[in-house]
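Colleague: I have a predicted model open beside its sequence, and I would like a close look at a single part of it. Please choose one strand, describe its surroundings with care, and then place it within the rest of the chain.

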Amino acid sequence: MKKLILASALFAGSFASHSLYASSMENVGLGINYGAFSGPSLELSYPISDTVQVRGALSGGMGLSETAKDTDIEYDVEADGGIHRIALDYHPFANGFFLSAGYAINNFELDASGSKSGSVTVGNDTFTGDVNINANIAWDNAPTLSLGWGHSPQQGLGFMIEAGAFFTGSPNTDINGTCTGTCTGFDEALKDEEVKLQKDVADYDFLPMLQAGITYRF
């Protein structure tokens, strides 16, 4: 009798735990996608109504690298940092098509480092010696607008594609470096180089959003 009571209690506890888990996961959507600038992302969504849902995303960043040459110095350029986002999606036709507005916590940035020995031009001046320069370009947090297909409130497996923009404004730039040798005026030349870089990237005042992936609604 005691064994029967114990088994019944364990079954009831297991059923209650399963029911609570199923209830807590009901209607929650999970998405895994890859996007330009944001890289691989994990998204969670929840429908507030038949046409509106809230969505949050954590991004790992692209982690890309390449080389670029400016004047005399060849730079190793790395793109790093994710773009995290929270958004409200509106499905005007109660299907997969959606319009979205949100806000992004932007950690995406470009880092460049380069060095050269001998005669080196920095800014408007030329120096003789060993020159090392590091540069950083970073975009601010930003509102977002996009449209796409997917993240439907309906249950089951699906896909998602989304296009839009992160309205970051012009990026922030920073350049620093060292010079060993004939280096009079090097700090002023770095400032000139930073001003030039700021002008070169001033028009990049938004980051495009383009991503695709798969979704599942519990």
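Modeller: Of the 218 residues in the protein, 34% are buried, and the model, it should be said at the outset, is a predicted one. Its secondary structure amounts to two helices and 13 strands. The protein exposes about 12400 Å², of which carbon and sulfur atoms supply 61%. Among the contacts between residues at least 6 apart in sequence, 66% join residues at least 24 apart.

The part I would choose is strand β6, which covers residues 83-90. Its residues fall into two sets: Ile83, Arg85, Ala87 and Asp89 belong to a covered face, while His84, Ile86, Leu88 and Tyr90 belong to an uncovered one. In a regular strand the side chains alternate between the two faces of the sheet, and the two sets listed for β6 can be read along the sequence with that in mind.

β6 has strand partners that can be described one after the other. Strand β3, residues 52-59, pairs with β6 in the antiparallel sense, and six bridges are found between them. In that pairing valine 52 stands opposite tyrosine 90 of β6, and Tyr90 is one of the residues of the uncovered face. Strand β7, residues 97-106, also pairs with β6 in the antiparallel sense, here over eight bridges. Isoleucine 83, a residue of the covered face, stands opposite asparagine 106 in β7.

The connection from β6 to β7 deserves a look of its own, since the two strands form a hairpin with six residues between them. Alanine 94 sits in the turn and has a positive phi of about 55°. Most residues other than glycine have a negative phi.

Within β6, alanine 87 is a good residue on which to rest the eye. Alanine 87 lies in this strand and belongs to its covered face, and because its relative accessibility is 5%, it counts as buried, the limit for that word being under 20%. Once its neighbours within four places in sequence are left aside, alanine 87 is in contact with Gln53, Val54, Arg55, Ser100, Ala101 and Gly102. For one of these, alanine 101, the C-alpha atom is separated from that of alanine 87 by 5.5 Å, although the two residues are 14 apart along the chain.

A second buried residue, in another strand, can be set beside alanine 87. Serine 41 has its place in strand β2, and it is buried because its relative accessible area is 6%. The side chain of serine 41 reaches the backbone oxygen of glycine 39 at 3.5 Å. With neighbours within four places in sequence left aside, serine 41 is in contact with Gly31, Ile32, Asn33, Leu58 and Ser59.

The loops on either side of β1 each hold a residue with a positive phi. Asparagine 27 is found in the loop between α1, residues 2-25, and β1, and its phi is positive at about 75° although it is not a glycine. With a relative accessible area of 25%, asparagine 27 is partly exposed. Phenylalanine 37 lies in the loop between β1 and β2, has a positive phi of about 70° without being a glycine, and is partly exposed, its relative accessible area being 21%.

Strand β2 also leads to the surface of the protein. A nonpolar surface patch of about 770 Å² is made by Leu30, Ile32, Leu42, Leu44, Leu157, Ile214, Tyr216 and Phe218. At least two residues of this patch come from each of β1 (29-35), β2 (39-47) and β13 (207-217). One of the patch residues, leucine 157, lies in strand β11, residues 156-166, and because its relative accessibility is 70%, leucine 157 counts as exposed.

The pairing of β11 completes this part of the picture. β11 and β13 run antiparallel and pair over 11 bridges, with glycine 158 standing opposite threonine 215 in β13. Strand β10, residues 142-149, is joined to β11 by six bridges, and these two strands likewise run antiparallel. There, threonine 144 stands opposite phenylalanine 166 in β11.

Technical notes
Residues are numbered from 1 along each chain as its sequence is written. This is a predicted model: local features need pLDDT of at least 70, side-chain atom pairs count only at pLDDT 80 or more; totals for chains, interfaces and linings use all residues. Side-chain values use heavy atoms; hydrogens and water are left out. Patches are made of residues with over 30% relative accessible area and no salt bridge: like charges are joined within 9 Å, nonpolar side chains (Val, Leu, Ile, Met, Phe, Trp, Tyr) within 5 Å. Accessible areas come from the Shrake-Rupley method with a 1.4 Å probe; for residues, only the protein chains shown count as cover. A salt bridge is a side-chain nitrogen of Lys or Arg within 4 Å of a carboxyl oxygen of Asp or Glu. Helices (H or I, at least four residues) and strands (E, at least two) are DSSP runs, numbered from the N terminus. Buried means under 20% relative accessible area, exposed over 50%, partly exposed in between (1.4 Å probe, protein chains only). Two strands pair if DSSP finds at least two bridges between them. A polar contact is a pair of N or O atoms within 3.5 Å; within protein, one must be able to donate a hydrogen and the other to accept it, and residues adjacent in sequence count only if both atoms are side-chain atoms. Contact means heavy atoms within 4.5 Å.
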